[in-house]
Amino acid sequence: MAPAPHAPSFPSTVTVAVEHLVLPGRHLPSALVRLDSTQPGGLIIWGSEALGQLRDVLRSVDQSAVEAIVVTGNARSFGAGADLKEIRHAQLSGVSDSYVGLGHEAFGILADAEVPTFSLLTGQALGGGLELALHTDHRVAHPRTGPLGLPECRLGFFPGWGGVHLLPHLVGPAAALRIIVFDSLRGRHVKAREAQELGLVDVVLDAAPGTEQWDPAWQRWVAGRLAALDAGEPRRRPGAPGRADDREWQEAVEQARVRAERTWHGAAPAPLVAIDLVADARTESRTENGAKAIAAFAELVRGDVAKASLYAFELVSSRSRRAADVPEAAPKPLRKAAVIGAGLMAGQLASLIAGGARIPVVMTDLDDERLAAGVARTRERFAAQAAKGRITAEQAEQLGGLITAASGPEDLADADLVIEAVFEDLDVKKAVFAQWEKVVRPDTVLATNTSSLSVTAMAEGLRHPERVVGFHVFNPVEVTPLLEIVAGERTGDVALATAFDLAATLRRTAVRVQDAPGFVVNRVLTRMFDVVVRAVDAGADVATADHAPDPLGLPMTPLRLLDFVGPAVLHHVGGTMQRAYPERFARSPWMDAVVEAGLTHVLPTERAPETGADGYLAAEAARLLERTRAEHPELAAHAPASAEELLARIQDALAEEIGAMLAEGVVSGPEDVDLCMILGANYPFHLGGITPYLDRTGAAARVLGRRFHQD
């Protein structure tokens, strides 16, 4: 047997110290265990050495001499989870048992303590940080505590330090499964008040760390709990059975399994392992369940899906902090922006810039009535945010005041950035830039929000083509974090640097893309759709074809995506791709008919519940499909024999298209493609974006003769 790889050193960045204090009205001291970080930012990360420190310090507490153990973090963090570098080493070396087991050993000292235990959730508590808190009897929060959550399933594994056992006994199996599985995969966490409603925390105190009121407030609350225990109130131990009975527990587990299968179709194994462990937690002790968790974690973390998930997480995290391929030129300061157009996308862009950059934004349109409605609608977006509690009413009024309607060209003359959001037609967009270049200053950046058209072509004929840059924001604008920043052939570094700087100001992750049809996201999405719709045109069962990509675990089937984007929009992008790459993209007779008929959807909706003969398409879409199939019998030769064959076609097509994009230099590497698909198309972490999936299925090797990632 080959020797185990040498384990690298993962020095602890956590400090653990104990002090003793007598709480108000009490006589015996309590042990206050203080956790802190030596790193900038103050995040408490649990690596092996840090867990060993915690274990040794907790063992040193003489429980016969104290009446409670209280664990507290620093003002920012109670615990930010495991050391992902050590997890990555465990993936590559196959050694994780000792690391995971050490967490159970250290945290378990609190769960088994003879005296009551408390956690003061001073800041965020994620992953292992929250699991540490779950090992104590009580959790105390303040209004700014959070985020709280267990994000491990998103990373390709599951809460390995007891969360799968302790959380369902505390908040009930249904709520626990939502937090462990579904919130995790969505990247959602809870804050203090919601955590209190769930029973995850016992109390939310008005005071907060760093204020004069915090120490007296938590000390009084803990002292009150100790007094209640003295008076005979039973102690609630971690993992003690909660209110859920066997039937409720079983129903919650079965519902979670059904939902997980419907959502990921087995493509993400971590949720299913987590669900099984929660199911077993009903009858198993914490230590029994923990032993299963250690073994399951060791197996899962070595798998390709976990490796891809962690790769995706690290990629998104690093690029959200610092974009790649940013020119060294100084960005142009932006004091005022202008948006050409007053439609839905134009309004979203205006509110995004005004809300993120806090600068005036003037809107203009050819139609005064349309312009007035667009400005009003844009201002209402801020009012809607205030109604949801995201901003105050005063902030909504201030931000709304930054949005104005242009009364004439002179209102745009001093804009530092002009971004067009007009109809997706090259001639229209060229005319817009030609018109406004005469009005604005020579150094004003001209940006286009085109989703697929040539930025280079838009700049043709302009006096200053170097200032034209693509600034592709994705819909829905408020929640989609990706920005494709497109460099045309003559786009200058100042325009690019300004676009990157604005993206950072708007808290968007920007990817530099060279000018090519469809850029990245729409090119990949359209290629997949092209393969599926070709099969539909050729006579494949529509439901089978639409669900052929299910093993990828994507957020939508191709036809659901078609209805979400709109047939006219997706067909327009498809036409752009077909003209650019006729050898790889086909024109669909059915889609031609759907768009010509003005259909806004092809699948049944609540407004149109009727379906076609196959029971899958809306009736009119099914009728058009029958007609176009009859008109084009020659396409039947291209029908796939099975869903498996169609899936292989999809895999090969994606590998081919991404290989072509890289050969063309559209992006610097496969990581850029993965980042775009994760943040722009909501592709799941378990795919690693897309290229790790194409590597492990063999598609990259079949089509390109090599893997995208040689490592």
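Mentor: One term before we start: a strand, such as β15 or β16, is a DSSP run of E at least two residues long, and strands are numbered from the N terminus. Keep in mind too that this is a predicted model.

Trainee: Got it. Where does proline 476 sit, then?

Mentor: Proline 476 is in the loop between β15 (468-473) and β16 (482-487). Look at the bond leading into that residue: asparagine 475 and proline 476 are joined by a cis peptide bond, with omega about 0°.

Trainee: And what is the peptide bond from glycine 146 to proline 147, cis or trans?

Mentor: That one is cis, with omega near 0°. Proline 147 also belongs to a loop, the one between β7 (138-141) and β8 (148-149).

Trainee: Let's stay with backbone angles. What is phi of arginine 358?

Mentor: Phi there is near 55°, which is a positive value in a residue other than glycine. You'll find arginine 358 in the loop between α13 (344-357) and β11 (361-364). Asparagine 682 is another non-glycine residue with positive phi, near 60°, and its loop runs between α26 (670-681) and α27 (691-696).

Trainee: On to helices. How are two packed helices described?

Mentor: You give the angle between their axes and the distance between the axes. Try helix α9 (residues 246-264) and helix α10 (residues 269-281): their axes cross at roughly 175° and come within 10 Å. An angle over 145 degrees counts as roughly antiparallel, which means α9 is roughly antiparallel to α10.

Trainee: Which residues of α9 and α10 make the contact?

Mentor: On the α9 side they include Trp249, Val253 and Trp264, and on the α10 side Leu272, Ile275 and Val278 are among them. Sorted by class, the contact has 11 nonpolar, no polar and 2 charged residues.

Trainee: At what angle do α19 and α23 pack?

Mentor: Helix α19 (residues 521-537) meets helix α23 (residues 589-596) at about 95°, with the axes 8 Å apart. That makes the two helices, α19 and α23, roughly perpendicular. From α19, Phe529, Val533, Val536 and Asp537 touch Pro589, Trp590 and Met591 of α23. The class tally for this contact is 6 nonpolar, no polar and 1 charged.

Trainee: What about charged pairs: how many salt bridges are there?

Mentor: The count is 46 salt bridges, where a Lys or Arg side-chain nitrogen has to be within 4 Å of an Asp or Glu carboxyl oxygen. In one of them, arginine 88 pairs with glutamate 314 at 3.0 Å, N to O. Arginine 88 is in helix α2 (residues 84-93) and glutamate 314 in helix α12 (residues 304-321), so this pair ties together parts that are 226 residues apart in sequence.

Trainee: Last one, the surface. Which residues make the nonpolar patch of about 330 Å²?

Mentor: Met556, Phe564, Val565 and Val569 make that patch. To locate it in your viewer, go to helix α21 (residues 558-565), where phenylalanine 564 is found.

Notes: Residues numbered from 1 in each chain as written. Predicted model: local features only at pLDDT ≥ 70, side-chain atom pairs only at ≥ 80, totals over all residues. Heavy atoms only, no water. Patch = residues over 30% accessible without salt bridge, like charges linked within 9 Å, V, L, I, M, F, W, Y side chains within 5 Å. Areas by Shrake-Rupley, 256 points an atom, 1.4 Å probe, with all protein chains shown as cover. Helix = DSSP H or I, 4+ residues; strand = E, 2+ residues; numbered from the N terminus. Axes fitted to C-alpha atoms, helices over the stretch in contact; angles between N-to-C directions. Parallel < 35°, antiparallel > 145°, perpendicular 65-115°, else oblique. Contact = heavy atoms within 4.5 Å. Nonpolar A, V, L, I, M, F, W, Y, C, P; charged D, E, K, R; others polar.
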